[in-house]
Amino acid sequence: MAEHTFRQRYGRYFWAIALIVLALFLLRPIISSLPAAPDETAAPVETATATSTPLVVNTAEPSPYFDYDAVDTSLQTFDLSNLPVRRDDSLRPAMNPSTFRGKLPQHEEFQRYTVLSGDTPIGIADRFGIIPETLLGGNPQLSEEAGLLFADSELIILPIDGVLHDVQYGDTLENLAAKYNVAVDDIIAYQPNNLEFPYRLYEDTQILVPGAVREVFKWDPPDVSAAQGNYQNTSNQLVVGYGSFIWPTTGYRITQTYWYGHQAVDVGIETGTPLYAADSGKVTFAAWSPYCYANLIVINHRNGFETFYAHLSSFNVVPGQVVFQGNLIGYSGNTGCSTGPHLHFEIRRNGTRLDPCAWTNGC
Ligand SMILES: [Zn+2]
């Protein structure tokens, strides 16, 4: 009965007291951070010392000069190679948080084509509705010499015109766009590349760069005409070409015409067919070339033009020799990147390879 009376009397205060206790508990960190009340027993703060002793400047002594000899120069010989630098780009900001992992490119299985005897790059490209340059885009080995296109070899046919790029360490989308002269957005827009922000590229994957054209390899042979003395009597003779060219052989069957991936003409002729200087000039190269050309003759016509005769079986000239238009220079063959006896004939003007068919009357 007494307990009942107690609850009746004080029960209404119980929750109020409980709330106050709880509030004090929660506010404890704030209360404890409040500045403590000044301690009355602490020593009084000295405030008069700043003005009690005035600053004295000694004007009698000269200003101390800087003694360079006393400087410790040991820092200048500090061995930087011992610094714990992990790698050259260790200061490069991380592109993404380490937790980011993008999707890898997911190209469908590329279509493959086995080359038939008599195929041409232009013919194959036509069949698949791509431009011949895209054959280079999917098959980098062809950018060295389109003559490598031979029967029974297998080509990758890309689904769209462009270049299939092997991603290497350091590649970025911006670099690829600049290298192939295309827009970054075009690379992103090609869905199988699987690119998502922040567009990270992964080594050992392949990115298809739509609209890109792979650069073709061009070998510039060294001028070795001065290295051999056999024809010193004629090497200083100034012979300049006419600037017009005769057909360099007796055969006229063109097996590969001029196009971006083959900036020359191939003439199908029997091994041992005589070859003639297309114009007058000086032989600057007549030797085995480390490149696909194999046995190669180069004549510099000293008017900006050079002519190239490749895959030969034998030479009839040496470097340094002066030749006149129509002179016998060698015999055709089947050496180097060649899949049948033929002459590979180039006309270059200031290093640019021209279409021999446009500069001769043999095609
Ligand atoms: Zn060729």
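**Exercise 1. State which residues phenylalanine 345 contacts beyond its neighbours within four places in sequence, and place phenylalanine 345 in the nonpolar core.**

Step 1. In this predicted model, phenylalanine 345 is in contact with Pro248, Ala264, Val265, Val267, Phe308, Tyr309 and Pro356, leaving aside neighbours within four places in sequence.

Step 2. The largest nonpolar core has 30 residues, and Phe345 is among those that touch the most other members, together with Leu296, Ile297, Tyr309 and Ala310.

Step 3. At least two residues of this core come from each of β6, β8 (281-288), β9 (295-300), β10 (305-310), β12 (322-323), β13 (328-331) and β14 (342-349).

Step 4. A separate, second core has 10 residues, including Leu158, Val163, Ile187 and Ala212.

**Exercise 2. Decide whether tyrosine 258 is buried or exposed, and describe its surroundings.**

Step 1. Tyrosine 258 sits in the loop that runs between β5 (254-256) and β6 (265-268).

Step 2. Within 10 Å there are 20 other C-beta atoms. A residue is buried at 20 or more, so tyrosine 258 is buried.

Step 3. Beyond four places in sequence, the contacts of tyrosine 258 are Gln263, Ala264, Val265, Asp355, Pro356 and Cys357.

Step 4. Glutamate 346 is 88 residues away from tyrosine 258 along the chain, yet their C-alpha atoms are separated by 9.4 Å.

**Exercise 3. Work out the strand order of the open sheet that contains β13, and list bridge partners.**

Step 1. The sheet has 3 strands in the order β7-β13-β11, with antiparallel pairing.

Step 2. β7 (274-276) and β11 (314-315) are the edge strands, each pairing on one side only.

Step 3. Between β7 and β13 there are 3 bridges. Proline 274 has tyrosine 331 as its bridge partner in β13, and tyrosine 276 is opposite leucine 328.

Step 4. Between β11 and β13 there are 2 bridges. Here phenylalanine 315 is partnered by glycine 330 of β13.

**Exercise 4. Compare histidine 311 and asparagine 350: what is phi at each, and is each residue buried or exposed?**

Step 1. Most residues other than glycine have a negative phi, and most peptide bonds are trans.

Step 2. Phi is positive at histidine 311, near 70°, and at asparagine 350, near 50°.

Step 3. Histidine 311 belongs to the loop between β10 and β11, while asparagine 350 belongs to the loop between β14 and β15 (352-354).

Step 4. Histidine 311 is buried because 24 other C-beta atoms lie within 10 Å. Asparagine 350 counts as exposed because it has 7 C-beta neighbours inside 10 Å.

**Exercise 5. Identify the residues joined by a cis peptide bond, and locate the proline.**

Step 1. The cis bond joins phenylalanine 197 and proline 198, with omega about 5°.

Step 2. Proline 198 is found in the loop between α7 (184-189) and β4 (206-210).

**Exercise 6. Summarise the protein chain, and assess the confidence over residues 36-52.**

Step 1. The chain has 9 helices and 15 strands.

Step 2. Of its 363 residues, 25% count as buried.

Step 3. Among contacts with a separation of 6 or more, 70% are between residues 24 or more positions apart.

Step 4. Mean pLDDT is 82, and 72% of the residues reach 70 or more. Over residues 36-52, however, pLDDT is below 50, and this stretch has 0 contacts in the model beyond near neighbours in sequence.

Technical notes. Residues numbered from 1 in each chain as written. Predicted model: local features only at pLDDT ≥ 70, side-chain atom pairs only at ≥ 80, totals over all residues. Helix = DSSP H or I, 4+ residues; strand = E, 2+ residues; numbered from the N terminus. Buried ≥ 20, exposed ≤ 12 C-beta atoms within 10 Å, placed from the backbone. Contact = placed C-beta atoms within 7 Å. Core = buried A, V, L, I, M, F, W, Y, C linked by C-beta atoms within 7 Å. Pairing = 2+ DSSP bridges. pLDDT = per-residue confidence, 0-100.
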